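Q: Please take a close look at one part of this structure for a reader who has not met it before. Then connect that part to the rest.

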Amino acid sequence: TRGEGGGEIAGIRPLSVFGYEFTTRFDTFKMLLFALGVAMVFAVFVERSPVRRESIANRDSPVVARTLGLPALRIRISMFMLGSFFAAVAGALNAHSEGTLGPTSFGVDLGLFIFLMVILGGLGSFWGAILGAWFFVYVRYQISISKTEVFGDPLSAYLPAIFGIVLI
């Protein structure tokens, strides 16, 4: 594939659903917004189901959860599979929207950014994660287009320090 270490995949076709290709950035945005809506509806159903209480009990005190008759291993595996499913769908949508995929697509910085988004929005709320992601993307964009200079460097050069301060 001639990418970094031979692991890059290029030329991924745009997403196509029922014969309709999402070729423009706006069409892709609409599809991603729809996928986010479906994921959020699913998250609301999980939030209101007994699965949430069982998962929290298993996370906080697995010994007590087992004594109450909850299948601790099955709950852990199910939650792992559910998280993996959402990650796989997000990765597939990202690959189709970007058109390329490689080892550098999902680096440590992306993990830190996702962690920052969740912390900014609030750990106990999935709506907060959406708000944190919006805030992170908006602030990052505004800083990148800013003409402000600090000590002769553009403000975007201090982006990691700014988000580190926000995280603290």
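A: Phenylalanine 151 counts as exposed, because its relative accessibility is 78% and exposed means over 50%. The model is a predicted one. Phenylalanine 151 sits in the loop that joins strand β5, residues 149–150, to strand β6, residues 153–154. Its phi angle is near 55°, which is a positive value in a residue other than glycine.

Another phenylalanine can be described in the same terms. Phenylalanine 18 belongs to the loop between β2 (16–17) and β3 (20–21). Its phi is near 50°, again a positive value in a residue that is not glycine. With a relative accessible area of 86%, phenylalanine 18 is exposed.

These two loops have their place in a longer order of elements. The protein has seven helices and six strands. Read from the N terminus, the order is β-β-β-α-α-α-α-β-α-α-β-β-α. The radius of gyration is 20 Å, well over the 15 Å that the globule rule gives for 168 residues, and therefore the protein is more spread out than a compact globule. The C-alpha trace spans about 60 × 45 × 35 Å along its principal axes.

A few totals describe the protein as a whole. Of its 168 residues, 17% are buried. The protein exposes about 12100 Å², and carbon and sulfur atoms supply 69% of that area. Among contacts with a separation of 6 or more, 49% are between residues 24 or more positions apart.

From here the chain can be followed into helix α1, which covers residues 25–47. Aspartate 27 is found in this helix. Aspartate 27 is buried, because its relative accessibility is 12% and buried means under 20%. Leaving out residues up to four places away in sequence, aspartate 27 touches Tyr20 and Phe22. Tyr20 is at the start of the range given for strand β3, 20–21.

Aspartate 27 also has a charged partner. Lysine 30 forms a salt bridge with aspartate 27, and the closest N and O atoms are 3.5 Å apart. Both residues lie in helix α1, three residues apart, which is about one turn of the helix. The two ends of this pair differ in how they are covered: lysine 30 counts as partly exposed at 43% relative accessibility, whereas aspartate 27 counts as buried at 12%.

Threonine 28 is also placed in helix α1. Threonine 28 is buried, since its relative accessible area is 14% and the limit for buried is under 20%. Its contacts, leaving aside neighbours within four places in sequence, are with Phe22 and Ser97. Phe22 is thus touched by threonine 28 and by aspartate 27.

Helix α1 also has contacts with another helix. Phenylalanine 126 lies in helix α6, residues 126–145. Not counting residues up to four places away in sequence, phenylalanine 126 touches Met40, Ala43, Val44 and Glu47. These four positions fall within the range of helix α1, residues 25–47. Phenylalanine 126 is partly exposed, because its relative accessible area is 21% and buried would mean under 20%. Phenylalanine 126 and alanine 161 are 35 residues apart in sequence, and 26 Å separates their C-alpha atoms.

Glutamate 47, one of the residues that phenylalanine 126 touches, also takes part in a salt bridge. The side chains of glutamate 47 and arginine 52 meet at 3.0 Å, N to O. Glutamate 47 is partly exposed, with a relative accessible area of 33%. Arginine 52 is likewise partly exposed, at 33% relative accessibility.

In total the structure holds three salt bridges. Besides those of lysine 30 with aspartate 27 and arginine 52 with glutamate 47, arginine 59 and aspartate 60 meet in a salt bridge of 2.9 Å, N to O. Arginine 59 is exposed, and aspartate 60 is exposed as well. Over the whole protein there are 13 positive and 11 negative charges, and their mean positions are 11 Å apart.

Conventions: Residues are numbered from 1 along each chain as its sequence is written. This is a predicted model: local features need pLDDT of at least 70, side-chain atom pairs count only at pLDDT 80 or more; totals for chains, interfaces and linings use all residues. Side-chain values use heavy atoms; hydrogens and water are left out. A salt bridge is a side-chain nitrogen of Lys or Arg within 4 Å of a carboxyl oxygen of Asp or Glu. Helices (H or I, at least four residues) and strands (E, at least two) are DSSP runs, numbered from the N terminus. Buried means under 20% relative accessible area, exposed over 50%, partly exposed in between (1.4 Å probe, protein chains only). The radius of gyration is taken over C-alpha atoms; the globule rule is 2.2 Å times the number of residues to the power 0.38. Contact means heavy atoms within 4.5 Å. Accessible areas come from the Shrake-Rupley method with a 1.4 Å probe; for residues, only the protein chains shown count as cover. Lys and Arg count as positive and Asp and Glu as negative; His and the chain ends are not counted. The place of a charge is taken as NZ of Lys, CZ of Arg, CG of Asp or CD of Glu.
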